[in-house]
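Biologist: Could you pick one helix in this protein and walk me through it slowly? I'm new to this, so please start with any term I'll need.

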Amino acid sequence: MRAVRFERAHDLHVVDASLRTVREGEVLVKVEACGICGTDVHIVEGVSRSTPPIVLGHEYAGVVEECGSAVQGLAPGDYVAVDPNISCGTCYYCRRGLVHLCANLRALGVDIDGGMAEFSLVPAAQAYRLPKEMPHELAPFVEPVSCAVHGIDKANIHAGDTVVIIGGGTIGLVMMQLARNAGSSHILVLEPIGHKRAMARTLGADAVLDPGMVGAEEAVHDFVGVGADVVIDCAGKAETARSAIQFARRGGTVELFGVAPIGQTIPVEPNRVYFKELTIVGSYVNPNTFDRAIAVLASGRVRFDGFPITRFPLEGIHDALQAQAEGRTMKCIIQPHS
Ligand SMILES: [Zn+2]
Ligand SMILES: [Zn+2]
């Protein structure tokens, strides 16, 4: 079968890969769609953790082709989305319910072969059958939405809160909709790219601003008044993390959600954190939120209406990564059988 193999930083090819037989607890998935996100770009650039050589791709879905002998609850023909994050179940963190912080966490498409291939071998526990009412086009969004669901839990939004979302990409716009669902009354999205700002408006942001425009900072302060109750940085840059701390009100929450490059730092004035009594939280992957992400998508409470999606065959992976890195489209999807 054809697969996108990541060998080492900047070394990525479509190869002819062999596929071993299905083990008892696994399912063989015919991959219909695999999303690309910033993490894939970072992995290929060598600035995000991974264990190559691997087949890239962690946001994927498809049809079960074959089930191992011990698999229960799944059958050939089922349409499934794949949760890529596999915890060990026995380390300190797993035994305290913090499966996403597992000391031995491995991920499909990061540490073991993932979804940018015609077929993928998936531990059955990682495969979630989609409900009938959920359109299959939404399947590659389950993984990013599951991460955002964990993020919204940690952001601790209350009814009537003012929320600033920094970054209006896929994650920012999912987060915006989840913040609204969580009761936020005023949501501002900061995004430098025009078509993403337009999308944020379409999907229900109360205000949208280009952070690079003259007077942007004053405009944010005009919107948030004393400061935002919650600021969620979905961009993962030093300057956006700095802004997030600045825009939060006294007693507010700052969530660092976007994946910043390893080693990048910002100066934080401890006295400011103390005096503002800030809560600064991180949010990492998707502990037990995959099922809820499916529920959110199936209910239509998070929408992608009019979302510009660009689809590529496996051979288009380099173009797709470039389009993702440059923000030319909202979401790139690899379709291995197109
Ligand atoms: Zn991702
Ligand atoms: Zn563990």
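Modeller: Sure! A term to start with: a residue counts as buried if 20 or more other C-beta atoms lie within 10 Å of its own. Keep in mind that this is a predicted model. By that cut-off, 46% of the 338 residues in the protein chain are buried. The chain has ten helices and 18 strands. Its radius of gyration is 20 Å, close to the 20 Å that the globule rule gives for 338 residues, so the chain is as compact as a globular protein of that length.

Now let's find our helix. The domain assignment splits the chain into domain 1 (2-129 + 308-334) and domain 2 (146-282), and their centres are 29 Å apart. Where the two domains touch, nine residues come from domain 1 and nine from domain 2. On the domain 1 side, helix α1 (residues 38-45) gives the most, with three residues, so to speak our star of the show. By class, that side of domain 1 has two nonpolar, five polar and two charged residues.

Let's zoom in on α1 itself. Its buried residues are Gly38, Thr39, Asp40, Ile43 and Val44. A handy rule here: an α-helix has 3.6 residues a turn, so residues three or four places apart point the same way. What lies over the buried residues of α1? The cover includes the strands β1 (2-8), β2 (11-16) and β3 (26-36), along with helix α10 (317-326). Just after α1 comes Gly46, which takes a positive phi of about 85°.

Notes
Residues are numbered from 1 along each chain as its sequence is written. Chains are lettered from A and ligands numbered from 1 in the order in which they are written. This is a predicted model: local features need pLDDT of at least 70, side-chain atom pairs count only at pLDDT 80 or more; totals for chains, interfaces and linings use all residues. Domain bounds come from an automatic or database domain assignment. Two residues are in contact if their C-beta atoms, placed from the backbone, lie within 7 Å. Helices (H or I, at least four residues) and strands (E, at least two) are DSSP runs, numbered from the N terminus. Ala, Val, Leu, Ile, Met, Phe, Trp, Tyr, Cys and Pro count as nonpolar, Asp, Glu, Lys and Arg as charged, and the others, Gly among them, as polar. A residue is buried if 20 or more other C-beta atoms lie within 10 Å of its own, exposed if 12 or fewer, and partly exposed in between; C-beta atoms are placed from the backbone. The radius of gyration is taken over C-alpha atoms; the globule rule is 2.2 Å times the number of residues to the power 0.38.
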